[in-house]
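Okay, thanks for coming, everyone. I'll put the sequence and the structure up on the screen, and then I'll walk through a few spots I picked out.

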Amino acid sequence: MTGNKAGRVARLLLDVGIFAFGSLLSKIVQFLLLPLYTGWMSPGEFGVAEIVFNLSQLLMPLATLSVANGVFRYAMDRVDRKTLLSSSLFVVLIGEIIVTIGACLTTLFKPFEYATFFCILLLGEALKSDFSSIVRGFGYSKRFAMGGPIDALLLALFNIVFIGVFHYGVAGYLTALVLANYLTALYYFLAGSLWRYLGVDGVDFGMVKALLRFSIPMVFNTAIFWFINMSGRFIIMWNGGEDLAGCYIAASKLPAVINMAVTIFQQAWQISSTREIDSESRDSFYSTIFVHYFYFVLACSAFAVAICPFLADILLKNEFRKIGYILPLLLTIGSLNGISTFFGTFYNVFKQNMMITASSFTASIFAVFGGYLLNFAWGPVGVALGGIVGFSVMIAMRVADTRRRFVRISCKVLPIVALSILYVAQVIVGTMELFTASALLGAAQLLLILFLERRRIARLPAMIKNKMKGRRLSEE
């Protein structure tokens, strides 16, 4: 790998900025669509439409065996593009045929009005995911990032037409999703010039096997994360009732900002970490990025915990406000997930995904059983603590295993320990609703991080400017 460490860090930051731009535009459009749905659809219509959409999201990894994960990774290896694209589409189409047959058989016993919509929607989601993954793997970061806003704008346009103008209700909602998915998939297909790499003669069963060996463990990993996220809600509903469970579900949505930031970073980090796989200085580079990423995640979480009372007042209305005290714990779960994601990426980079599933499965046992037992003593706080224990176990397993197998992350322990102690103290007082103390502890962490990062922050503008100048010259 050529280039100094500062240049590589700047390149990662540029990728993060590109993906952040695309994701933020997409999220803003999606947020603005909510009043349209609630104003032009009845609760029953919206509920049915969301069930069909969520079912397609849940089953897509199973139907496609998460082949898009393998597509991205092998695209980074510069394998034959025709073989890669054609083989991945073979998996997608076989999965779609199986799902369609299953849907037809199911409707024989239990008629479902929107079964056809479901099958068409699932194929569109799969094609969009496959094409976007290969475009990102080819290194077309800007083209990949623009797909998110294009998808959201198309969805908004078709929703206005089919729900707002024609009042088609559930059918309009699903039609908008279908058209947006297929047109966005077409955008990726054209943006990556993928027609050049498509052909039946490109299907290679050796490549199919390699893709599935990489991707199948990710199916189980996705299912386990879904199980962890949903289990707490059911535990609270069983022991505290539907009202308390509803409040917990609402509060669980607030840490989504941290999750979005983690997803944006992961998209860029997968690219950068793969580029460095053969570099002699990769351990040093990975260690540098980890320290800065840790500081970033902690700063975001500390700031969010400090303003929890304001977030709760704005976003949790009426009866939902009573669960506001649990937000610091839920934000902590989001932060721990972000740290575990950093180390989980190494399994993708080195194509050793079985351990990522093993660590997730072990974490789910601690999270579910710990949450169930602690719930009897502390209610929702106990459930959240179970999640914290589970993700802490996941981090410990991944740190130890990746250090043994792949990379040795080296960093100064004292600053990380000091910041962690301050953060734990902030979460405790925040959960106790001692808001002034929480704000002071959050400010102390932010000031300490700024002090530790002062030199990097001072050099950052020049680093990014030089990297952007280098990109322009290379394009010319």
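I'll go through two helices, then a surface patch, then salt bridges, and I'll end on backbone angles.

One thing up front: this is a predicted model.

Let's start with helix α14, residues 354-378. There are 25 residues in there, and the distance from the first C-alpha to the last is 35 Å, close to the 36 Å expected at 1.5 Å a residue. There is a bend, though: about 25°, at Tyr-372. What do the buried residues of α14 pack against? That would be α8 (205-240), α13 (327-349) and α15 (380-405). Among the buried residues of α14 are Met-355, Ile-356, Ala-363, Ala-367, Val-368 and Asn-375. Serines turn up on that list too, including Ser-359, Ser-360 and Ser-364. Right after α14 comes Gly-379, with a positive phi near 65°.

Next, helix α16, residues 413-431. For its 19 residues you'd expect a span of 27 Å at 1.5 Å a residue, and the end C-alpha atoms are 27 Å apart, so that agrees. The buried residues of α16 include Pro-415, Ile-416, Leu-419, Tyr-423 and Val-427. They pack against α11 (282-306), α13 and α17 (435-452). Notice that α13 comes up for α14 and again for α16.

So let's look at one residue in α13, namely Phe-343. Is Phe-343 buried or exposed? Its relative accessibility is 4%, so Phe-343 counts as buried, the cut-off being under 20%. If we skip residues up to four places away in sequence, Phe-343 touches Phe-290, Arg-398, Val-399, Thr-402 and Ile-409.

Compare that with a phenylalanine in helix α4, Phe-90. Phe-90 has 30% relative accessibility, so it counts as partly exposed. Phe-90 is part of a nonpolar surface patch of about 980 Å². Other members of the patch include Ile-94, Ile-97, Leu-105, Phe-109 and Phe-205. Which helix gives the most to this patch? Helix α4, residues 81-109, with eight residues.

On to the charged pairs. As a general reminder, side chains of opposite charge can pair when their charged atoms come close. The model has nine salt bridges by the rule used here, and I'll show you three.

The first one is Asp-77 with Lys-351, with the closest N and O atoms 2.4 Å apart. Asp-77 is in the loop between α3 (67-76) and α4, and Lys-351 is in the loop between α13 and α14, so the pair ties together parts that are 274 residues apart in sequence. Both ends are partly exposed: Asp-77 has a relative accessible area of 32%, and Lys-351 comes in at 30%.

Then there's Lys-82 with Asp-201, where the closest N and O atoms are 3.0 Å apart. This pair also links distant parts of the chain: Lys-82 is in helix α4 and Asp-201 is in the loop between α7 (169-191) and α8, 119 residues apart. Lys-82 is partly exposed at 27%, whereas Asp-201 counts as exposed at 63%.

The third pair is Glu-125 and Lys-128, at 4.0 Å, N to O. Why are these two about one helical turn apart? Because they sit three residues apart in helix α5, residues 115-137. Generally speaking, an α-helix has 3.6 residues a turn, so residues three or four places apart point the same way. Glu-125 and Lys-128 are both buried. And back to Asp-77 for a second: Arg-73, Asp-77 and Lys-351 are joined into one network by salt bridges that share partners.

Last topic, the backbone. In general, most residues other than glycine have a negative phi. Here are two residues that go the other way. Leu-65 has a positive phi of about 55°, and you'll find Leu-65 in the loop between α2 (43-64) and α3. With a relative accessible area of 27%, Leu-65 is partly exposed. Glu-433 also has a positive phi, near 60°, and lies in the loop between α16 and α17. At 37% relative accessibility, Glu-433 counts as partly exposed.

That's what I had, so over to you.

Technical notes. Residues are numbered from 1 along each chain as its sequence is written. This is a predicted model: local features need pLDDT of at least 70, side-chain atom pairs count only at pLDDT 80 or more; totals for chains, interfaces and linings use all residues. Side-chain values use heavy atoms; hydrogens and water are left out. Helices (H or I, at least four residues) and strands (E, at least two) are DSSP runs, numbered from the N terminus. The expected span of a helix is 1.5 Å times one less than its number of residues. The bend at a residue is the angle between axes fitted to the seven residues ending there and the seven starting there. Buried means under 20% relative accessible area, exposed over 50%, partly exposed in between (1.4 Å probe, protein chains only). Contact means heavy atoms within 4.5 Å. Patches are made of residues with over 30% relative accessible area and no salt bridge: like charges are joined within 9 Å, nonpolar side chains (Val, Leu, Ile, Met, Phe, Trp, Tyr) within 5 Å. Accessible areas come from the Shrake-Rupley method with a 1.4 Å probe; for residues, only the protein chains shown count as cover. A salt bridge is a side-chain nitrogen of Lys or Arg within 4 Å of a carboxyl oxygen of Asp or Glu.
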